[in-house]
Amino acid sequence: MDKNFGAAEAEARIAKAWEDSGAFKAGANARPGGTPFSIVIPPPNVTGSLHMGHAFNNTLQDILTRWHRMKGDDVLWQPGLDHAGIATQMVVERELAKQGNVGRREMGREKFLEKVWEWKAQSGGTIIGQLRRLGASCDYSREAFTMDPHFQRAVLGVFVKMYDEGLIYRGKRLVNWDPHFETAISDLEVENREVAGHMWHFKYPLANGATYDYVEKDADGNVTFREVRDYISIATTRPETMLGDGAVAVHPSDARYAPIVGQLCEIPVGPKEHRRLIPIIADEYPDPTFGSGAVKITGAHDFNDYGVAQRNGIPLYALMDTKARMRSDGLSYEESATLAGQIARGEREAGDVSQINLVPEDMRGLDRLEARRLVVSQIEAEGLSVMTDSAEGPVPFVEAKKIMQPFGDRSNVVIEPMLTDQWFVDTARIVGPALDAVRDGRTRILPERDAKVYFHWLENIEPWCISRQLWWGHQIPVWYGLDLHAGQFTDDEGDDALDEVEILTLLTQRDFVGEEPRHHCAVDYEGVRDAFMGDLAGLPAPLNHARVVEVEDRHAAAQAFAQGLADHNLSQDPTRLVYPVWRDPDVLDTWFSSGLWPLGTLGWPEDTPELQRYFPTSVLVTGFDIIFFWVARMMMMQLALVNEVPFRTVYVHALVRDEKGKKMSKSLGNVLDPLDLIAEYGADAVRFTLAAMAAMGRDLKLSTARIAGYRNFGTKLWNAHRFAEMNGVFQAPRAEGIPAATAPVNRWIIGETARIREEVDAALDSFRFDGAAQALHAFVWGVVCDWYVEFSKPLLSGSDEGLKRETQQVMAWVLDQCLILMHPFMPFITEELWGTTAARAKMLVHADWPTYRAIDLVDAGSEAEMRWTIALIEGVRSARAQLNVPAGLTVPVVMTEADVPARQALARNGALIYRLARIEAPTEGAAPRGSITVATPGATFALPLEGLIDIQAEIARMTKGADKAAKEAAALRGRLSNPRFVQSAAEEVVEEARENLAAREAEEAQLRAALARLSELA
RNA sequence: GGGCGAUUAACUCAGUGGUAGAGUGCUUCCUUCACACGGAAGAAGUCGGGGGUUCGAAUCCCUCAUCGCCCA
């Protein structure tokens, strides 16, 4: 064997061997009737590559997976990818641009999607390959993709089902709008960042020059300020949105403004002659202590304002287009302002205000920031800024202020709340079962604190916007047709047939584009065609004979319909009449499809054997950041669809940070690439580090020093095997099962092994990966590689052939157990050692996980003996080192006192003790002059080293030891002399304290006696 | 503003009622025939401050301080 494990070479070879042998396939190594154990991978983004978070997440999943597989459970770890609408579309568009292609829109949808699939085939999903380097034992033969034909059918089927049940609806609501990608995005894709901004303070004059007493009072009700005002003061960070204000709101309890609630005030911007008046309303939302206490309400451009507007019937005036420029469509400013004024005065119902464009002509088409500058300068020019004093006299009051601003995490542009037509899931109707399932324990969320986050979010759930204005994704299975029932065409004769004139009227007078279309929902076009034909049947002839045809979009539909009418008019051939329908161009939110992940990857809606076997899945391992967005949605959706939870346990893990605790980010340059780390330290070291640091609910601060430490751990394990190989351990015939041992050291290590197996199982059972890793580390390095290997040396090289044979067998067994127990954490090095150290029936990945128990294998006598042996060796070593006895010197020893167990332990383990402590076999007698004293439980030893040692140093050393023993004894005595302790503490605790006290007292006595002798010398 | 969490050795972190632990670093010694990615010995902690409960508190409760995260 080499001195080190050649990770770089071996990992690829071993990974291939595992996969070639089908070791990871669903059900591999399952014993007959094995309990199903299944995990679906949180699907990485198809554009993604492995980062530390993935490495962490998948290491934990792999540990569970390998552990259960070795236990003989029927294991499926289902891998796959998420199609990631925005991210993928962005990547492909960028690629196309780089290659000098025409843009997406010029290319057209069909062609573009071809390009996306080409890209996917070439460079999509590299992360799956990278998972192999990590050692992830997923069933790669089952790799799934949210855009697989099967998955697509499932997703569209779900949409239709939920639509039919009324759980999905179309509506106009405020959504997060990304002006760069021109699509709605989810909250998850919005990053709130604090940026430098400004707060402007403006005066909104009261209508008709009205005035009021503005009074401020302190906490005791004393008037601190009073003036007559003809305005209300408003603070805003976004002056351009003032154009769309629908009201000014104050808190109902705010006495300052009580006199003017219900009055109208004027928005101080826009052409003078069409100044808009808006009402002052009372609402709970404004914070009286913040700013002036009055808030302008722009319902179409702010989420808080939207709520206020909804509650108070304030119209929502949209100001921006899809690129977040000031609108230039719709009515003129004059017409718009007039209508808005009528609405504000209650002279007109608000109704559909989408044609009202309150952007003054001089600002139409401007970027929102340019518009902001214009608005500010116009208000200042008019003297309607709140003023403040400065060195140069009064100036407009503008505070420099940190403000939270939403940014698109992909586009990095400021996100706009935007009022648009979107599809929504009526989450309120499916949230109940998802809450109940966690409340009653059908699904358990770990750590428990994260269940609180889950509850909090679900209890306050908002409708879920599921449409995205993208091309890459599941196109919404809804088709629209012109609404011919809208009732504007007339059948003058009432004969249920349209004559030429009536058709011409229909053709020339209708603006189909402006009308809200009819729609039907089905998984495909065939499905909606019948529904539309049904609609037509109710129309007058000849429209009721129109053919339903599919066209590209609404515009094409209007044209085709007009053309059909014209053709019919000329030919009177009813077959020329067409009723064109077009499909909703939008796609579904990627989370909608990944919400189906557990069911969809297992073949649902078909009733597959996998579904029967592995659903609900056992565990979901995922990051805390997507509890809402993914976990909650999967819960809601699986429960809504099959009335069953998607998983039994959700293990929520924290973030991997850099060693200083900073979030890893490309801009900070503190990103640790797991692939680099794997190349440098090996996958095993990276995995073990992540597992060892996976304390539940706490972020990991990852340092390479720690990884190096666990790489060294792997080397340690490797070299223990190398030692064993050199001592014939692997050549000797192996025992069947657990070897029968006679020597205390061998009986002891077998017992210790049983303990650690129980500890690892218990830790993994409760998802304490760090506990399992740390226990293994302490055992493999601290017990096996240190003590047991050292103890074995005299036995393996000794003359007692029987003992040698026994030790070889026990060591072979113990090392095998180390490999088995370590395998889920360090799969590569353990598999390699497994293969090199014996001819095996199965690879380690399929080795049987042990079930032996400490209660059967621990031998108390051997254990006590080995503890004593270790204490003696450590005592001698410590004394020697502190008194600078040359390391290589083997020293004589006199045993000055010893009880029977000590004598027995010494007799049985002398060979190891003499070698490890570097002492000669002891003689018995009184302590010679100038000797070092070593006290062990039940015995005292003297190492005669007169002339070699410093008497004063030895006195100091023993005094320290005696004092320490005395101090501990005193503490124990104090406790034991307290009757309440003896009464109320557990019996074994009291007993332990008593034993401990006796030992401490004995130790102190031994040391004091030795000290007394020494003092005579000094 | 609301919620959650953290504060333990120089650093990074375990440790949920019974004698304070690990990895890394540090000091001294050792290239002893598995391993210097090693071995031996050692130094190093008022367990953030204060109060309380308890026979007993790093651990439970209250409070303060500092830091972090989530939500507004």
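The buried residues of helix H11 pack against strand E19 (444-446), helix H12 (448-459) and helix H19 (627-642); buried here means under 20% relative accessible area, with exposed over 50% and partly exposed in between, using a 1.4 Å probe and protein chains only. Contact, on which such packing rests, means heavy atoms within 4.5 Å. Helices (H or I, at least four residues) and strands (E, at least two) are DSSP runs numbered from the N terminus.

Before I continue, a word on the basis of these values. This is a predicted model, in which local features need pLDDT of at least 70 and side-chain atom pairs count only at pLDDT 80 or more, while totals for chains, interfaces and linings use all residues. Residues are numbered from 1 along each chain as its sequence is written, chains are lettered from A and ligands numbered from 1 in the order in which they are written, and side-chain values use heavy atoms, with hydrogens and water left out.

Which residues of H11, which spans residues 431-439, are buried? They are Val 431, Ala 434, Leu 435, Ala 437 and Val 438. These residues lie on the same side of H11, because they cover an arc of only 160° around the axis, the arc being that of the directions from the helix axis to the C-beta atoms. As general background, an α-helix has 3.6 residues a turn, so residues three or four places apart point the same way. After H11 comes Gly 441, with a positive phi near 85°.

A second helix, H8, covers residues 303-312, and its buried residues are Asp 305, Tyr 306, Gly 307, Val 308 and Ala 309. They pack against five strands: E5, E11 (247-250), E13, E14 and E18. At the start of H8, the backbone nitrogen of Asn 304 has a side-chain oxygen of Asp 302 within 2.8 Å. This is a polar contact, a pair of N or O atoms within 3.5 Å; within protein, one must be able to donate a hydrogen and the other to accept it, and residues adjacent in sequence count only if both atoms are side-chain atoms. Just after H8, Gly 313 has a positive phi of about 65°.

Two of the strands that H8 packs against, E5 and E18, bring us to the sheets. An open sheet of four strands is ordered E6-E5-E18-E20, with antiparallel pairing; two strands pair if DSSP finds at least two bridges between them. Why is one side of E6 and of E20 left without a neighbour in the sheet? Strand E6 (183-185) and strand E20 (464-465) stand at the edges, so each has a single partner strand. Within this sheet, E5 (residues 168-178) and E18 (residues 416-425) run antiparallel and are joined by 10 bridges. Ile 168 stands opposite Val 425 of E18.

Elsewhere, strand E7 (residues 190-205) pairs in the antiparallel sense with strand E17 (residues 398-408) over 11 bridges, and Arg 193 stands opposite Gln 405 in E17. E7 is also joined by six bridges to strand E10 (residues 231-236), again antiparallel. There, Tyr 204 has Ile 232 of E10 as its bridge partner.

I turn now to the RNA. How many residues surround RNA strand B? There are 47, and the closest are Arg 698, Lys 701, Thr 715, Trp 781 and Asn 978; a residue is near a strand if one of its heavy atoms lies within 4 Å of it. These residues divide into 13 nonpolar, 13 polar and 21 charged. In this division Ala, Val, Leu, Ile, Met, Phe, Trp, Tyr, Cys and Pro count as nonpolar, Asp, Glu, Lys and Arg as charged, and the others, Gly among them, as polar. H22 (704-726) is one of the helices that supply at least two residues of this surface, and H22 gives the most, with 12 residues.

Of the RNA atoms within 4 Å of the protein, 63% belong to sugar or phosphate and the rest to bases. A polar side-chain atom of Lys 716 lies 2.8 Å from a base nitrogen, and an N or O atom in the side chain of Arg 711 is 3.1 Å from a base oxygen. For Arg 980, the partner is a phosphate oxygen, at 3.4 Å from a side-chain N or O atom.

Finally, Glu 863 is located in helix H28, which also contributes to the surface near the RNA. Glu 863 counts as buried because its relative accessibility is 10%. Its side chain makes a polar contact of 2.5 Å with that of Arg 755.
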